[in-house]
Amino acid sequence: MSNQNTVNRELFDEVMVPNYSPSAVIPVRGLGSRVWDQEGREYIDFAGGIAVNCLGHCHPALVGALKEQADKIWHLSNVMTNEPALRLAKNITDNTFADKVYFANSGAESNEAALKLARRWALDVHGADKTQIIAFKQGFHGRTFFTVTVGGQAAYSDGFGPKPGDVYHAEYNNLESVKALISDKTCAVVMEPLQGEGGIVSPTDEFVKGVRELCNEHNALLVFDEVQTGVGRTGDLYAYMGLGVTPDILTTAKALGGGFPIGAMITTTEIAKHLKIGTHGSTYGGNPLACAVSEAAFNTVNDPQVLNGVKAKAKLYVDGLNAINEKHNIFSEIRGKGLLVGAVLNEKYQGRAKDFLNAAMSEGLMTLVAGASIVRFAPSLVIPNEDITEGLARFEKAVANIVNA
Ligand SMILES: *Cc1c(COP(=O)(O)O)cnc(C)c1O
């Protein structure tokens, strides 16, 4: 028997596999961009569940969709189709380059589907020799064995035995490094249209357009992993729209469910047809409950007012962080796009992003890191401006605590 008093951080160490090291704070309730822990302490949420809670906590549109669907039907499996899935797919295809949608439950699974589709497409259309996948150093695509191998950090994929083969890594924003690897044996180039986990790195115009051209020259598919950038995060519905480069396959998850697990792989009819009946699948993928919530999230975000709001709120972050930096001289650069903001620590504070995160938590502010030296902010896309101001004030206190220590 357990009650709230016995649920604490120590219990984590007792009953959980030790692959995570969570904060001692255990949030129990959230509303908008505010969160409360077991002791009733309040936090401002600049983390958004790692770029997931695009409409904050308990947004009425999402709660309403969840409750309404909860009373109708939760799960059917893909032996049946269902109304929410088809409605969501129609919304996605009406608003993107894609004609077809495959539903999964996470970013990694969406990428797994994209990678398998690319390989199958190449086999069907070009023969057995076109199997090479080019991805990027510091890229992140999830934690299944195929996706972690395609990801650009060997530390995450080493130590699990033989890896899926024929995966190569070029350098992000270095077109020559892609040229050196790409050939007619390349079946796909997989990239984030803004590296998230790898350090909030935007692609240059020349790079992203150059990669598209190289893919065209070599009949390779361009796969955009928009798991973190998708559904409004950068101020466009999808980041590709702001880059003027259209991929052949795109994956979306995180914000797609606004906090309910769902992911999708989207593509053209011509490519989609190679995932024939029986070639791939998921038990939960596209279940009515997830799709009903996602439909509400997608449609709420896909609104000019919300998307323009992202750009306006991004400016509040950049201006606020620059002001903090002028006083305390801790950042070398503020970068990112929309509400995916990276504050890069300067020479003096290298490797200390986690200290800033912890100091912020003590001041009642939830933040993220992206690597050892970058503090990352990925708040709700509709975070009230007052919460941004108050959160940045708390962040400044945290910064002062570190600088003056
Ligand atoms: C988070 C992330 C993933 C993995 O998503 P999961 O839902 O954790 O499987 C994949 N790609 C990118 C770019 C991500 O940011």
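**Exercise 1: Neighbours of Ala108**

Find what Ala108 touches in this predicted model, leaving out residues up to four places away in sequence.

*Solution.* Step 1: list the contacts. Ala108 touches His141, Gly142, Arg143, Thr144 and Thr147.
Step 2: place the residue. Ala108 sits in helix 5, which covers residues 107-126.
Step 3: decide whether Ala108 is buried or exposed. The cut-off for buried is under 20% relative accessible area. Ala108 has 15%, so it is buried.

**Exercise 2: A set of record positions**

Look up the "binding site" residues in UniProt and work out whether they gather or spread out.

*Solution.* Step 1: read the record. The unreviewed UniProt entry lists Gly107, Ala108, Phe140, Asp225, Glu226, Val227, Gln228 and Thr283 under "binding site".
Step 2: check the spread. These residues span 177 residues in sequence, and the farthest two C-alpha atoms lie 24.9 Å apart, so they do not all gather at one spot.
Step 3: look for a pocket. Thr283 is among the residues lining the second largest pocket.

**Exercise 3: Gln228 and Lys254**

Describe the surroundings of Gln228, then those of Lys254.

*Solution.* Step 1: start with Gln228. You'll find Gln228 in the loop between strand 8 (221-225) and helix 10 (239-243). Its relative accessible area is 6%, so Gln228 counts as buried.
Step 2: go through its contacts. Leaving out residues up to four places away in sequence, Gln228 touches Ala51, Gly196, Glu197, Arg233, Lys254, Leu340 and Arg376. With Glu197 there is a polar contact, side chain to side chain, at 3.1 Å.
Step 3: move on to Lys254. According to the unreviewed UniProt entry, Lys254 carries the feature "modified residue: N6-(pyridoxal phosphate)lysine". Lys254 is in the loop between strand 9 (249-252) and strand 10 (263-267).
Step 4: check its exposure and contacts. Lys254 has 21% relative accessibility, so it counts as partly exposed. With the same sequence neighbours left out, Lys254 touches Ile50, Ala51, Val52, Val227, Gln228 and Ile262.

**Exercise 4: The buried side of helix 14**

Which residues of helix 14 are buried, and what covers them?

*Solution.* Step 1: pick out the buried residues. In helix 14 (residues 353-362), they are Ala353, Phe356, Leu357, Ala359, Ala360 and Met361.
Step 2: think about the spacing. An α-helix has 3.6 residues a turn, so residues three or four places apart point the same way.
Step 3: find the cover. The elements over these buried residues include strand 3 (42-45), strand 12 (340-345), strand 13 (365-366), strand 14 (368-369), strand 15 (374-377) and helix 15 (385-403).
Step 4: look just past the end. Right after helix 14, Gly364 takes a positive phi of about 85°.

**Exercise 5: Rings and charges**

Count the aromatic pairs, then examine the pair of Tyr349 and Phe356.

*Solution.* Step 1: count. With ring centres within 6.5 Å as the rule, you get eleven aromatic pairs.
Step 2: classify the pair. The rings of Tyr349 and Phe356 are 5.8 Å apart, centre to centre, with 80° between the planes. Planes over 60 degrees apart count as edge-to-face, and this pair is edge-to-face.
Step 3: check burial. Tyr349, at 4% relative accessibility, is buried, and Phe356, at 0%, is buried too.
Step 4: find a cluster. Phe46, Tyr317, Phe377 and Phe395 form one aromatic cluster.
Step 5: look for charges over rings. The charged end of Arg29 sits over the ring of Trp36, 4.4 Å from its centre. Arg143 lies over the face of Tyr156, 4.1 Å from the ring centre.

Technical notes
Residues numbered from 1 in each chain as written. Predicted model: local features only at pLDDT ≥ 70, side-chain atom pairs only at ≥ 80, totals over all residues. Heavy atoms only, no water. Phe/Tyr/Trp six-rings, centres within 6.5 Å; stacked < 30°, edge-to-face > 60°. Buried < 20%, exposed > 50% of the residue type's maximum accessible area, 1.4 Å probe, protein only. Lys NZ or Arg CZ within 6 Å of the ring centre and 35° of its normal. UniProt positions renumbered as here; feature names shortened; annotations may be inferred. 1 Å grid on protein atoms, 1.4 Å probe; cavity = no way out; pocket = protein on both sides within 12 Å on 5 of 7 lines; lining within 4 Å. Helix = DSSP H or I, 4+ residues; strand = E, 2+ residues; numbered from the N terminus. Contact = heavy atoms within 4.5 Å. Polar contact = N/O pair within 3.5 Å; in protein donor to acceptor, adjacent residues only side chain to side chain.
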